[in-house]
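Please walk me through the fold of this protein, beginning with its overall dimensions and its sheet and ending with individual residues.

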Amino acid sequence: MSNDHGIEQAIALVTGASRGIGRAIAGQLVEHGYRVFGTATSATGADAISERLGAGQGLVMDVTESSSVAHCIERIQEQAGVPVVLVNNAGITRDQLLLRQRDEDWQAVIDANLTGVMRVTRAVLKGMLKARFGRLIHISSVVGSTGNPGQTNYAAAKAGLEGFSRSLALEVASRNITSNVVAPGFIATDMTDSLSEQQKESLMANIPANRLGQPEDVAACVAFLAGAEAGYVTGQTLHVNGGMYLT
């Protein structure tokens, strides 16, 4: 089955694909005809991904370790070829008010959510440049634009991710490679499932659509940016938030 580009089994790589938004993105790309490789930080997570991806595979990768990233990309290239779609979705939170935030909590979030994106992107970019084709899609968050108390580290990383993507778009556009950001608002995942009803009601008061987003809402936007019809879209941030933040 060919994908939207008409390329037989083109390769897509989705980091953080074991659950939530990453899982939905990987599934959508499979439906669009890609051979998808997804990463997790544990062997258990990678095995669960492999069970869902058909011709694709789940792999263990730590985006904070250059050697882990390099090994993972090498395995994909040896088994299947160069990824032409990269979705940088892996990330962590270490929430705390700044006055109480430890240096290691700041650094862990920056390393995973911003520097990790740079590592993975740089590792696949050479192959895309050689192929003269690529789709780089980075998953940010609405808080990168709005801010959020207790998330100075996370908001800084996501805001930095958007600047990274725009600058990269200018560097690679002439090689038919796009770089875009998808910024979800509040999405129904296992993280939001743990919220109390009062907390959910408070969230809804700020969402004109009056509902939480679904992982599939985000995945559909990623699939569009990965497709042939988005070839003239680059350096952009696509907000998926039900109207809670308008650009």
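The paragraphs below move from the whole chain to the sheet, and then to two single positions.

The model is a predicted one, and its secondary structure comes to nine helices and seven strands. For 247 residues, a compact globule would be expected to have a radius of gyration near 18 Å, and the 17 Å found for this protein agrees with that. Along the principal axes, the C-alpha atoms fill a box of roughly 50 × 40 × 35 Å. Buried residues account for 47% of the 247 residues, and of the contacts between residues at least 6 apart in sequence, 68% join residues at least 24 apart.

The seven strands form an open sheet in the order 3-2-1-4-5-6-7, with parallel pairing. Strand 3 (57-60) and strand 7 (237-240) stand at its edges, and because each has a single partner strand, one side of each is left without a neighbour in the sheet. From one strand to the next, the twist averages 20°.

Within this order, strand 1 (residues 11-14) pairs with strand 4 (residues 83-88) in the parallel sense over four bridges, and Leu13 stands opposite Leu86 of strand 4. Helix 4 (residues 103-131) packs on the sheet, where it touches strand 1, strand 4, strand 5 (134-139) and strand 6 (177-184), and its direction makes about 165° with that of strand 4. Strand 4, helix 4 and strand 5 together make a right-handed β-α-β unit. The two strands of that unit are themselves paired in the parallel sense over four bridges, with Val85 opposite Arg135 in strand 5.

On its other side in the sheet order, strand 5 pairs with strand 6, again in the parallel sense, over six bridges, and His138 stands opposite Val181 in strand 6. How many of the six residues of strand 5 are buried? Six of the six are, so strand 5 is largely enclosed by the rest of the structure. In a regular strand, side chains alternate between the two faces of the sheet. For strand 5, both faces are covered, since Gly134, Leu136 and His138 on one side and Arg135, Ile137 and Ile139 on the other are all buried.

From the strands, the view can turn to a loop position. Thr15 lies in the loop between strand 1 and helix 1 (20-31). Is this residue buried or exposed? With a relative accessible area of 1%, Thr15 falls under the 20% limit and therefore counts as buried. The side chain of Thr15 reaches the backbone nitrogen of Asn89 at 2.9 Å, and Asn89 is also among the residues that Thr15 touches, the others being Thr39, Met61, Val87, Asn88, Ala90 and Val120, when residues up to four places away in sequence are not counted.

A second position lies towards the other end of the strand numbering, as Gly243 is found in the segment after strand 7. Its relative accessibility is 23%, and because partly exposed covers the range between 20% and 50%, Gly243 counts as partly exposed. Computed along the sequence, Gly243 and Ala159 are 84 residues apart, while their C-alpha atoms are 19 Å apart in space.

How values were computed:
Residues numbered from 1 in each chain as written. Predicted model: local features only at pLDDT ≥ 70, side-chain atom pairs only at ≥ 80, totals over all residues. Heavy atoms only, no water. Pairing = 2+ DSSP bridges. Axes fitted to C-alpha atoms, helices over the stretch in contact; angles between N-to-C directions. Contact = heavy atoms within 4.5 Å. Buried < 20%, exposed > 50% of the residue type's maximum accessible area, 1.4 Å probe, protein only. Right-handed = clockwise from strand over helix to strand, strands pointing away. Polar contact = N/O pair within 3.5 Å; in protein donor to acceptor, adjacent residues only side chain to side chain. Rg over C-alpha atoms; globule rule 2.2 N^0.38 Å.
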